[in-house]
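Subject: Structure for you to look at

Hello,

Here is the structure I said I would pass on. Please open it beside this email, and my notes follow below.

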Amino acid sequence: MIAGLYRPGTSPVHRARAGTKLALLLGLGTLLFAVDDVALAAAALAITLAAFALARIPARVAFAQIRPALWILGILFAVQLWLVGLEPALLLVLRFAALILAASLVTLTTRTAELVAVIEWALGPLGRVGVDVTKVSLALSLAIRFIPAVSAIADEVREAQRARGQDRNIVALAVPVIVRLLKMADEIAEAIDARS
């Protein structure tokens with residue numbers, strides 16, 4: 001089985017409570033989208049990168065968190081630049097980059113069980129109106145847990161296809177990845193059924 005995103009450590013970021021980190025992430029997201037200011041978005045990105053340094057997470061790991069989204073951010077930047085101009089394009093990309101990195105920092109420095117416990121506690125009031133908080137928590141923990149699994153499967157298939165000279169063929173990459181993900185989902189569903 002593939003390891004989760006959490007990277008053990010003793011930094012102040014690691015020691016902060018999961019609830020505090022999630023509240024700060026929620027506050028950052030709200031602030032970034034409530035205020036249209038490029039300087040604020042750039043400052044948020046700089047603070048997030050400083051928090052990576054404070055958490056003693058190497059720059060290569062931080063870059064690996066945003067690398068999959070770089071092409072999407074590039075396309076968004078180009079479209080915004082073409083449609084509305086430079087400042088809105090910068091604002092959009094800086095907002096998303098700061099949020100992606102901040103969310104990654106939370107998952108890198110917080111155990112999944114702690115995140116799920118906080119989310120379950122925060123969703124507790126919804127239990128009174130019929131929401132099965134335990135199922136929502138399980139779904140969130142599975143999503144958090146298997147993000148690196150999906151990435152690892154895609155990397156393995158990409159490497160195998162590269163060895164076969166098929167690295168430019170999107171179908172040759174997508175089909176095996178989807179098949180492996182569906183097989184993994186089946187195995188997880190069977191394990192959950194067996195345990196409940």
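**Overall layout**

The chain has nine helices and zero strands. Helices (H or I, at least four residues) and strands (E, at least two) are DSSP runs, numbered from the N terminus. This is a predicted model, in which local features need pLDDT of at least 70 and side-chain atom pairs count only at pLDDT 80 or more, while totals for chains, interfaces and linings use all residues. Residues are numbered from 1 along each chain as its sequence is written, and side-chain values use heavy atoms, with hydrogens and water left out.

The C-alpha atoms fill a box of roughly 50 × 50 × 35 Å along the principal axes. Of the 196 residues, 31% count as buried; buried means under 20% relative accessible area, exposed over 50%, and partly exposed in between (1.4 Å probe, protein chains only).

An automatic or database domain assignment sets the domain bounds: domain 1 is 12–110 and domain 2 is 124–194. Their centres, taken over C-alpha atoms, are 24 Å apart.

**Annotated spans**

The unreviewed UniProt entry annotates residues 31–54, 66–83 and 89–108 as "transmembrane region". UniProt positions are given in the numbering used here, feature names are shortened, and annotations may be inferred rather than shown by experiment. In the model, residues 31–54 are 88% helix and 0% strand, with 22 Å between the end C-alpha atoms. Residues 66–83 are 83% helix and 0% strand, with end C-alpha atoms 25 Å apart.

**Salt bridges**

Side chains of opposite charge can pair when their charged atoms come close. A salt bridge here is a side-chain nitrogen of Lys or Arg within 4 Å of a carboxyl oxygen of Asp or Glu. The whole structure has four salt bridges, including the three below.

- Arginine 95 pairs with aspartate 36, and their closest N and O atoms are 2.4 Å apart. Arginine 95 is in helix 6 and aspartate 36 in the loop between helix 2 and helix 3 (38–54), so the pair ties together parts 59 residues apart in sequence. Arginine 95 is buried at 8% relative accessibility, whereas aspartate 36 is exposed at 60%.
- Arginine 158 pairs with aspartate 155, with 2.8 Å between the closest N and O atoms. Both lie in helix 8 (residues 133–163), three residues apart, about one turn of the helix.
- Glutamate 156 meets arginine 180 at 2.6 Å, N to O. Glutamate 156 is in helix 8 and arginine 180 in helix 9 (residues 170–195), so this pair joins parts 24 residues apart in sequence.

**An aromatic pair and a nonpolar patch**

Rings of Phe, Tyr and Trp (its six-membered ring) pair if their centres lie within 6.5 Å; planes under 30 degrees apart count as stacked, over 60 as edge-to-face and the rest as tilted. The count is one aromatic pair. Phenylalanine 33 and phenylalanine 96 have ring centres 5.8 Å apart and planes at 65°, so the pair is edge-to-face. Phenylalanine 33 is in helix 2 (residues 18–34) and phenylalanine 96 in helix 6 (residues 86–109), 63 residues apart.

Both rings also belong to a nonpolar surface patch, whose members include Trp71, Val79 and Trp82, with about 1,000 Å² of accessible area together. Patches are made of residues with over 30% relative accessible area and no salt bridge: like charges are joined within 9 Å, nonpolar side chains (Val, Leu, Ile, Met, Phe, Trp, Tyr) within 5 Å. Accessible areas come from the Shrake-Rupley method with a 1.4 Å probe; for residues, only the protein chains shown count as cover. Helix 5 (residues 70–83) gives the most to the patch, with seven residues.

Regards
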